[in-house]
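Visitor: Could you show me how to read the way two helices meet, and then how to read a pocket?

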Amino acid sequence: MKGGKSKADSRKGESKLAVKKQTKKEKQAAKDPNKPKRPPSAFFVFMEDFRKIYKEKHPNNKSVAAVGKAGGEKWKSLSADEKAPYAAKAEKRKEEYEHKMDAYNKKLAGEADDESDKSKSEVNDEDEDDDGSGEEDEDDD
């Protein structure tokens, strides 16, 4: 029974792979489409401008790889002073992103609080009397 052990081991490996695939799908499904996108770095801000210039100079070139390679070489050749405006734009976008994320996180926290407040108010509504005072009348007999 030399072969029996290896078959069992291979089956265990397959089941582990299946579990990993399910968790990866769950992660992808858990992404919120309303969440703000991360801001581009200084290099990607530079590439936005560089793509336009490159396409004007090379209208027949359809290769994305060629544009990326040329942009990378150009970025490396720039001095710190030439990179500064792109870094400033990237920093500005980062600040805007942080403000959007704060608002997004407050909204998420607010939704959770709203749900708990609703449940509290529904309970309090049931306790209120006809006069709306929310206090029960006690009879002293």
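Visitor: Is the crossing of helix 2 and helix 3 left-handed or right-handed?

Guide: This is a predicted model, in which local features need pLDDT of at least 70 and side-chain atom pairs count only at pLDDT 80 or more, while totals for chains, interfaces and linings use all residues. Residues are numbered from 1 along each chain as its sequence is written, and side-chain values use heavy atoms, without hydrogens and water. A crossing is right-handed if the near helix is turned clockwise from the far one by less than a right angle, and left-handed if anticlockwise; helix 2 and helix 3 (DSSP runs of H or I, at least four residues, numbered from the N terminus) cross in the right-handed sense.

Visitor: At what angle do helix 2 and helix 3 pack?

Guide: Helix 2, residues 42-57, packs against helix 3, residues 64-77, at about 120 degrees, and their axes lie 10 Å apart. The two are therefore oblique to each other, a word for angles that are not under 35, over 145 or from 65 to 115 degrees.

Visitor: Which residues of helix 2 and helix 3 meet?

Guide: With contact meaning heavy atoms within 4.5 Å, F46, F50 and Y54 are among those on helix 2, and V67, G71 and W75 are among those on helix 3. The residues of this contact comprise 10 nonpolar, three polar and two charged.

Terms used. Axes fitted to C-alpha atoms, helices over the stretch in contact; angles between N-to-C directions. Nonpolar A, V, L, I, M, F, W, Y, C, P; charged D, E, K, R; others polar.
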